[in-house]
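Work through the exercises below with the sequence and the 3D structure open. Each task is followed by a solution in steps.

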Amino acid sequence: MLLTVDVGNTNIHLGVFAGAGEHATMVRDWRIHTEPNLTSDELALLVRGLLGSDVEQVTGVAALSTVPSLLRELRVMVPRYFGDGHHHVLLEPGVRTGVPLLVDNPKEVGTDRVANCVAAHHNYPKGPCIVVAFGTATVVDAISTKGEFLGGAIAPGVNLAVEALSEHTVTVRKVELMPPRSVLGKNTVEALQSGILYGFAGQVDALVDRVRDTIDGFDSDDVAVVATGFLAPLMFDECETLTAHHPYLTLDGLRLVYERSKQQRRR
């Protein structure tokens, strides 16, 4: 089995795949809160605890981290606890993914965005693709029909905005993120829910529409607009432009990068 680890600013998303290539299937996945001060040993303890007896079935690891402190710990943890002659890949700048990054400075592109690009092009190959990642930030990225990363837009995420609002206002508190009875809230909680959910949905739809209107090749019916990230289930039904929801797109991208790396190693 292949263990995939996506360390983000808010959550660590882990998944286990059985099989390879077109026969690969997600067996199980977990999300845990990100603690940036974890050591490699503590991180390994968490991962092995979640895997339980299945840890003995792990034959490879593919991982990434957008948190610099945990990227350093991953470099130690993976070979120390999952080495034993098994192949592993830590996705960072310089790793061959097969994705042309058509931006000013490719090293600035987050590795989670690269993994999403790999998986989106693989899973939705009929035309261009737009990936909307709902995480700590809301990220809208465009991938060409050839699988090229064309760039994207980054905005504050839903949770980040809610926390900022409650922190900087006296009368506003954190609320449960769920659709209100009406777009016109009859109390403070519903007014916040309306502004947050429908406001962010409108932001995403506007960005997607602008990409489709202004970028060559994105005005056709073959464009897939894929939602992913831990807040995607909340936002998917509120956005009019989203066409698909892939809950573990980043992990699937890690799997594909791992398989490519393994094939290159054999050559």
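**Exercise 1.** Check whether the length of helix α2 (residues 68–82) agrees or disagrees with its number of residues.

Solution. Helices are DSSP runs of H or I with at least four residues, and strands are runs of E with at least two, numbered from the N terminus. The expected span of a helix is 1.5 Å times one less than its number of residues. For the 15 residues of α2 the span should therefore be 21 Å. The end C-alpha atoms are 21 Å apart, so the two values agree.

The model is predicted: local features need pLDDT of at least 70, side-chain atom pairs count only at pLDDT 80 or more, and totals for chains, interfaces and linings use all residues. Residues are numbered from 1 along each chain as its sequence is written, and side-chain values use heavy atoms, leaving out hydrogens and water.

**Exercise 2.** Find which residues of α2 are buried.

Solution. Buried means under 20% relative accessible area, exposed over 50%, and partly exposed in between (1.4 Å probe, protein chains only). In α2, the buried residues are Leu70, Leu71, Leu74, Met77, Val78 and Phe82. The charged end of Arg48 sits over the ring of Phe82, 6.0 Å from its centre (CZ of Arg or NZ of Lys within 6 Å of the ring centre and within 35 degrees of the ring normal).

**Exercise 3.** Classify Phe17 as buried or exposed.

Solution. Phe17 has 2% relative accessibility, so this residue counts as buried. Arg255 lies over the face of Phe17, at 5.7 Å from the ring centre.
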